[in-house]
Amino acid sequence: MAAPASTQTVDLVAKFPDSVTADARPGYTGFIVKKENLVEVATAIRDEFGYDLLTAATGVDYIAENKMEMVYHAYKTTGGAGLIFRVQVDRVDPVEIPSLVSVWAGVDFQEREAYDLLGIRFTNHPDLRRILMWEGYEGHPLRKDWKEPFFEEEAKPFKSRWPDGQHTFAENKNPFRDNLNFPEGFDPEAYKPENEDDLYASLERFRSKGDDDRLKTDHIVVNMGPHHPSTHGVLRVAVTLDGETITGLKPVMGYLHRNHDKIGERNTYLQIIPYTDRLDYFNSMSNNFGYVTTIEKLMNIKVAERAEYIRVIMAELSRVQNHLIFIGMLMNDLGTMYTPSLYAFEERELILDIFEAVSGARMMCNYFRFGGVVRDLPDFALQKIKDLVLERLPAKTDEMERFLNENEVLVARLKGIHVLNAEDAIKYSVTGPVLRAAGVPYDLRRADPYSIYDRFDFDVAVRHNGDMMDNYLIRFDEIRQSLRILEQALKQIPEGPFNSQKPAYQVRVPAGEAYGRIESPKGELGFYVISNGKPNPYRYHVRPASFVNLQAVESMCIGTKIADFVALLAMFDIVMGELDR
Amino acid sequence: MVKAFLGLSVTWKRFWETYTDDISWMVRGKKRYNSPEGIAHRSSKDTKGIFTIQYPEEQLLQPEEFRYVPFLVYDEGEEGKKEVRCTSCGICAKVCPPQCIWIVRTNDPSTGRPVPVPTDFYIDMDICMNCGFCAEYCPFDAIKMDHDFDIASYERNVYNLNKLLKPASYYNSIRPENAAREDEARRAKEALKAAKAEAKPAAA
């Protein structure tokens, strides 16, 4: 297990004695920055200390202390431990914190999320609207005093289930309307959805003012989605068009929002694991991995040696199948309906067969436990993995490349389109293959190794043009590197127990906070968990890769053709389960 | 131009294999379709040609660990008596992530103390997320995950004790290895208990 990242590598207090104090709460690390000096300190953290990548920003509601807190996790793209800094303000509405969008543009969506779910207002944010809930929604669901419809108890397990568990349907006990909050004087019968002036107004800033000498034409607004075959789910994108050229673009999300964070806070630590499967449902193994490593950090336990290898094998198999699907689905969006994607699905099915054999389910694996995995990797499954990794998958990857790489249409659609340069990619907190295709060799398996990735010999796949062709090709590079890791893991995997802990349906997690992150196939998947020693987490937050990566889309698309945007969405490899949570 | 044909050759190869593989199975006098052997081949590393399983005529072979909604195990006693393994300890209800398990514990009417058998047991199958925690943490091997996944219906699926109970022989048939291992462990535990009980009066 990787050692808990030390944050005291820089002395921020010495630099800003008046505005920064070290966080002295037990189990916490990092610095507390005064609200008034936040932008100044953040600029210094970025420019002087070199923390150029702000990956996670999230709010916490400390209702007992009557405080609201915003926690930021900044990292260097050259690797190493991160820097945690936070702002605390009184929990009195309006809760206001200065926005950091001017320092790290990549904090945009996460600030909007904190505004939406916790009601923290960010002053000087360019576009502070709700992001996951809809405009006009009353209340902020992640506040500790907010209760969902069909609310039963603060935390699971519910007392009504045992010992006298007479079954009732939730809606009978708790009629739907009874615990809905409506704004003062709100009449649901007379409610007419407001037109989305705010949304379209935010597109306005990109509109050309018509001061060139070309023909003056009207721009039209097109809503792609939420039901559009190319948006990989229920993502809606409001686009203004000048002919075929995009002049303004805003992603609108939340159609699949279920408040994963709140569900997690009601759950016990163990109960969260199957819910993480449903984040990025292509890679439940990776999601499990990220969550359990975070909790293991908090619990400070060692993972069984064999389990570490099983975990790496599963996570890398998951990456291989994810990238195969990515290639297939990119082709689908480019118009090569079905043939490449079905070729990709064939290999994926074989990998899912393995997942099913070891975990019991093809997609919702629920395979990882604190300290190890559920059950041992049986010999026949190990043999099957060996067959695939050593024989079939390398050949099939080559075949896929032979099949597509030189295809004239594909090259024409991808080469030189939607170039994302390294600087912008870092600015927008983009991680994962998209960042590496832009020329930044930032891979958490190398930059901040977790689990046992430091034992394997592999290269960080990197390409330098940042266009869509590189983004496409880097997936092949990553598949090859994953196969390399798998080969070594299969050779080295030791015998022994598959879990270092005794099976327990409730775990004790000492009080404190932890931010765990792994390199999921889509980018950095982070989990921020605060424990107060109780059986369920006080705060549980997911930093999904798709959600944060999507921020770069807006600036990349202005001035390009709408048909290319379809390809761009595919290239970001978004998954709505993770994006909307 | 040449490279375009290189790409096409892949599709052509796949097209060709679709038929050659069928023919080679036919020549060898084996069934590629509707036979367990053929299905196993299509899910193996050597598969080429047609890959799909013609559900529902054919079904994928389920690995032992495959899990779908839970059921309760009972041992078949004398004269068809159902000896329910569940003691209504409530661990499955507590560990269940979506909280879809409801247990009514039995109390002895004369003493008011709990009796280790459930009066009723409900699982809301519409809420169950098939995570398998209940089966994993049950200390009595009383609740297990099923293999039967065709449970779609027009009604809401709240299963009661009667509907949940399935015999141990059924469990042994769907998960032979697990059942054998658990039986072994249970026997060892009982033997240990018996040995202890024997040792006690001797010591006294």
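Colleague: Let's start with the contact between the two chains: how many residues does each of chain B and chain A put in?
Modeller: Keep in mind that this is a predicted model. Chain A puts 41 residues into the contact, and chain B puts in 35.

Colleague: Which elements of chain B give two or more residues to the side touching chain A?
Modeller: Three helices and two strands of chain B: helix H1 (2-27), helix H3 (91-95) and helix H4 (133-137), plus strand S3 (101-107) and strand S4 (114-124).

Colleague: And where does the largest share of that side come from?
Modeller: From H1(B), with 6 residues on the side of chain B that touches chain A.

Colleague: What's the makeup of that side by class?
Modeller: On the side of chain B that touches chain A, 20 residues are nonpolar, 8 are charged and 7 are polar.

Colleague: OK, switching to the sheet in chain A with S13, S14 and S15. Is the pairing parallel or antiparallel?
Modeller: Antiparallel, in an open sheet of 3 strands ordered S13-S14-S15.

Colleague: Which are the edge strands?
Modeller: Strand S13 (512-520) and strand S15 (539-543) of chain A, each pairing on one side only. From one strand to the next, the twist averages 10°.

Colleague: How many bridges join S14 to S15(A)?
Modeller: There are 5 between strand S14 (residues 523-531) of chain A and S15(A). Among the bridge partners, Gly526(A) has Arg543(A) in S15(A).

Colleague: Which helix packs on the sheet?
Modeller: Helix H8 (residues 284-299) of chain A, which touches S13 and S14 of chain A. The direction of helix H8 makes about 150° with that of S13(A).

Technical notes. Residues are numbered from 1 along each chain as its sequence is written. Chains are lettered from A and ligands numbered from 1 in the order in which they are written. This is a predicted model: local features need pLDDT of at least 70, side-chain atom pairs count only at pLDDT 80 or more; totals for chains, interfaces and linings use all residues. Two strands pair if DSSP finds at least two bridges between them. Helices (H or I, at least four residues) and strands (E, at least two) are DSSP runs, numbered from the N terminus. Axes are lines fitted to C-alpha atoms, for helices over the stretch in contact, and angles run from 0 to 180 degrees between N-to-C directions. Two residues are in contact if their C-beta atoms, placed from the backbone, lie within 7 Å. Ala, Val, Leu, Ile, Met, Phe, Trp, Tyr, Cys and Pro count as nonpolar, Asp, Glu, Lys and Arg as charged, and the others, Gly among them, as polar.
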